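User: I'd like to learn how to read a structure like this one, feature by feature. Can you walk me through it?

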Amino acid sequence: MCACLCVEVDLALSAHANARKWYEQKKKQKSKQEKTITAHTKAFKAAEKKTRQQLSQEKSVAAISHIRKVHWFEKFNWFISSENYLVISGRDAQQNEMIVKRYMSKGDL
């Protein structure tokens, strides 16, 4: 196995001109490489920042949804009276029957 490095030489140019040509190409490649690395770093940081922002928003939404527990009577029409009584009514006759059978006890009005 030969690990040879092949360099094309333009015979129409002098040795100094050939060396300058290869040096310019190397300089352009190095510049491109640096720009690519800079762009990669910038894009990676932007993606990381966006991901962190989305995670923080998801956590706050999850925390808000778990703060308050839904009460059993909220599926009906309801309000708290001025005497601090819970007043419940069904949205239709079937719900009214369900309220009477399941949730009312002897002393309820």
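Analyst: Let's go from the overall shape down to single residues. Keep in mind that this is a predicted model.

User: Fine. Which secondary structure elements does the chain have, and in what order do they run?

Analyst: A good habit is to list the elements before looking at any side chain. Here the chain has two helices and two strands, and from the N terminus on they run α-β-β-α.

User: Is the chain a compact globule or more spread out?

Analyst: For that, you set the radius of gyration against what a globule rule gives. This chain has a radius of gyration of 38 Å, well over the 13 Å that the rule gives for 109 residues, so the chain is more spread out than a compact globule. The box tells a matching story: along the principal axes, the C-alpha atoms fill roughly 110 × 35 × 25 Å.

User: What share of the residues counts as buried?

Analyst: Buried here means under 20% relative accessible area. In this chain, 7% of the 109 residues qualify. You can also look at contacts: among those between residues at least 6 apart in sequence, 8% join residues at least 24 apart. As for the outside, the accessible surface comes to about 10600 Å², and carbon and sulfur atoms account for 59% of that.

User: How far apart in space are lysine 21 and serine 60?

Analyst: Comparing sequence distance with C-alpha distance is a handy trick. Lysine 21 and serine 60 are 39 residues apart in sequence and 59 Å apart in space. Lysine 21 sits in helix H1 and is partly exposed, at 33% relative accessible area. Now try another pair: arginine 91 and lysine 42 are 49 residues apart in sequence, with 57 Å between their C-alpha atoms.

User: Where is arginine 91, and which residues does it touch?

Analyst: When you list contacts, skip the sequence neighbours. Arginine 91 is in the loop between E2 and helix H2, which covers 93-103. Leaving out residues up to four places away, arginine 91 touches Glu74, Lys75, Phe76 and Asn77. Arginine 91 still counts as exposed because its relative accessible area is 54%, and the cut-off for exposed is over 50%.

User: Let's do the strands. How many bridges join E1 to E2, and which way do they run?

Analyst: Reading a strand pair means asking about direction, then partners, then the connection. Strand E1 (residues 77-80) and strand E2 (residues 86-89) run antiparallel and are joined by four bridges. As for partners, asparagine 77 is bridged to serine 89 in E2, and tryptophan 78 to isoleucine 88. The connection makes E1 and E2 a hairpin with five residues between them.

User: What is the phi of asparagine 84 in that turn?

Analyst: Backbone angles in turns deserve a look. Asparagine 84 lies in the loop between E1 and E2, and its phi is near 70°, a positive value in a residue other than glycine. Is asparagine 84 buried or exposed? At 63% relative accessibility, asparagine 84 counts as exposed.

User: And salt bridges: how many does a search of the whole structure find?

Analyst: The search finds one. The side chains of glutamate 48 and arginine 52 meet there, at 4.0 Å from N to O. Next, check how the partners sit on the backbone: both are in helix H1, four residues apart, about one turn of the helix. Then check cover: glutamate 48 is partly exposed at 34% relative accessible area, while arginine 52 is exposed at 56%.

User: Last one: which residues make the nonpolar surface patch?

Analyst: For a patch, ask which side chains build it and how much area they give. Leu5, Val7, Val9, Leu11 and Trp22 make a nonpolar patch of about 600 Å². Leucine 5 lies in the segment before helix H1 (15-67) and counts as exposed, at 79% relative accessibility.

User: What does buried asparagine 18 touch?

Analyst: Again, read place, cover and contacts together. Asparagine 18 is found in helix H1, with a relative accessible area of 6%. Not counting residues up to four places away in sequence, asparagine 18 touches Val9, Asp10 and Leu13.

Definitions and conventions: Residues numbered from 1 in each chain as written. Predicted model: local features only at pLDDT ≥ 70, side-chain atom pairs only at ≥ 80, totals over all residues. Heavy atoms only, no water. Patch = residues over 30% accessible without salt bridge, like charges linked within 9 Å, V, L, I, M, F, W, Y side chains within 5 Å. Areas by Shrake-Rupley, 256 points an atom, 1.4 Å probe, with all protein chains shown as cover. Buried < 20%, exposed > 50% of the residue type's maximum accessible area, 1.4 Å probe, protein only. Pairing = 2+ DSSP bridges. Contact = heavy atoms within 4.5 Å. Rg over C-alpha atoms; globule rule 2.2 N^0.38 Å.
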